Amino acid sequence: MLEELQRRNYSHRTAKTYIRIVREFATYFHRPPDKLGPEQIRQYQAHLFQKKLSPATVSQYVSALRFLFIKTLHRHFLTEYIPFPKSRMRLPIVLSPEEVARLIDSARNLYHRTLLMTLYSTAMRRTELCQLKVADVDSQRMMIRINQGKGRRDRDVPLSPKLLETLRVYWRWMKPTTYLFPGAVKRVRADVPISANTVWLACRQAAQAAGISKRISPHCLRHSCASHLLEAGADLRTIQLLLGHSRLEHTLVYLHLSTKHLQAIPNPLDQLQISNVDDVQRSRRLKKK
């Protein structure tokens, strides 16, 4: 299975996850995975939901088992026995422009402020920010290169003049060598990528300081940027390229988040000629017996 993953050029992280899942599957039944069949798959999927795993996590298990039985063992008849679970449709959390400004102004220090501004301005993912290098910032073209983002795809995103101004102040203070946001080794600043957890904590601390009660994460700034671009008149294809989505359907969710598009059509209630609420009789408050 590992050789098949490598032959198809799957990422190291995906290969490691798939191998772990198949190992857990075999360990659960105490038998080699190639000796298991539809009944064991059915039992194991039920077991995953009994553990109260999310549908997204179960889908990852399903992908690994499908790769094992279909791509490695060539048992194509087993596809119908390994269904993907029905997932919930949840809209992402989006901040208003005023909330984004409060979040940035409430950053703990210049390091966190620059980090939050970069997340919002470029709409990049948290892992992409961690791997961002100084050489990726092209001030001549006013572009930022995101190398090997999700799906191993490169893309360019515009560099905001306001972000460039902050980056220059930040660079003179931090003087990063390789990575734009260097991490730490044993609590000492080093030329290593910043940890994803540090990015998440920077968002949470700024949200608490700004008094924002919404559940803020780095991805929330990505969603907010896309929604604000759509409200400003950007077309979906441009937003798709900026976000690095492989399919346009993934970008369509922002139509549900854009207040401009949701409020474009008048509400039917507002078209009704109904009496004034002040003229409506109030019911008497019932007394307890």
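Is Phe-25 buried or exposed, and what is its relative accessible area? I began my notes on this predicted model with that residue, and I found Phe-25 to be buried, with a relative accessible area of 0%.

**Entry 1: aromatic rings**

I next looked up the ring partner of Phe-25 and found that it forms an aromatic pair with Tyr-44, an edge-to-face arrangement with 5.1 Å from centre to centre and 65° between the planes. Phe-25 belongs to helix 2 (residues 12-29) and Tyr-44 to helix 3 (residues 38-50), so I noted that this pair ties together parts that lie 19 residues apart in sequence. Tyr-44 is buried too, as its relative accessible area is 3%.

I then turned to Tyr-28 and Phe-29, whose ring centres are 4.9 Å apart and whose planes stand at 90°, so I entered this pair as edge-to-face. I recorded Tyr-28 as partly exposed at 38% relative accessibility, whereas Phe-29, at a relative accessible area of 16%, is buried, because the limit for that label is under 20%.

Following the ring pairs onward, I found that they link Phe-25, Tyr-28, Phe-29, Tyr-44, Tyr-61 and Phe-69 into a cluster. For the structure as a whole I noted 14 aromatic pairs. I also looked at Tyr-111, where the charged end of Arg-189 sits over the ring, 4.8 Å from its centre.

**Entry 2: helix 5**

Which residues of helix 5 are buried? In this helix, which spans residues 97-105, I listed Glu-99, Val-100, Leu-103 and Ile-104 as buried. Looking down the axis of helix 5, I saw its buried residues fall within an arc of 135°, so they line one face of the helix. An α-helix has 3.6 residues a turn, so residues three or four places apart point the same way. The face of helix 5 turned away from the buried side carries the exposed residues Glu-98 and Asp-105. As for packing, I found the buried residues of helix 5 against helix 6 (110-122), helix 9 (196-210) and helix 10 (218-231).

**Entry 3: the largest pocket**

I looked up the largest pocket last and noted a volume of about 1600 Å³. Its lining is made up of 38 residues, and Arg-13, Arg-125, Thr-127, Lys-150 and Gly-151 are those that lie nearest its centre. Which helix gives the most to this lining? I found that helix 4 does, with five residues, while the elements that each supply at least two residues include helix 2, helix 7 (126-130), strand 2 (143-146) and helix 10.

Methods. Residues are numbered from 1 along each chain as its sequence is written. This is a predicted model: local features need pLDDT of at least 70, side-chain atom pairs count only at pLDDT 80 or more; totals for chains, interfaces and linings use all residues. Side-chain values use heavy atoms; hydrogens and water are left out. Buried means under 20% relative accessible area, exposed over 50%, partly exposed in between (1.4 Å probe, protein chains only). Helices (H or I, at least four residues) and strands (E, at least two) are DSSP runs, numbered from the N terminus. The arc is that of the directions from the helix axis to the C-beta atoms. Contact means heavy atoms within 4.5 Å. Rings of Phe, Tyr and Trp (its six-membered ring) pair if their centres lie within 6.5 Å; planes under 30 degrees apart count as stacked, over 60 as edge-to-face and the rest as tilted. A charge sits over a ring if NZ of Lys or CZ of Arg is within 6 Å of the ring centre and within 35 degrees of the ring normal. On a 1 Å grid over the protein atoms alone, a cavity is a set of points where a 1.4 Å probe fits but cannot get out, and a pocket is an open set with protein on both sides within 12 Å along at least five of seven lines; lining residues have an atom within 4 Å of a point. Grid points are joined across faces, edges and corners, and a volume is the space filled by probe spheres set on the points.
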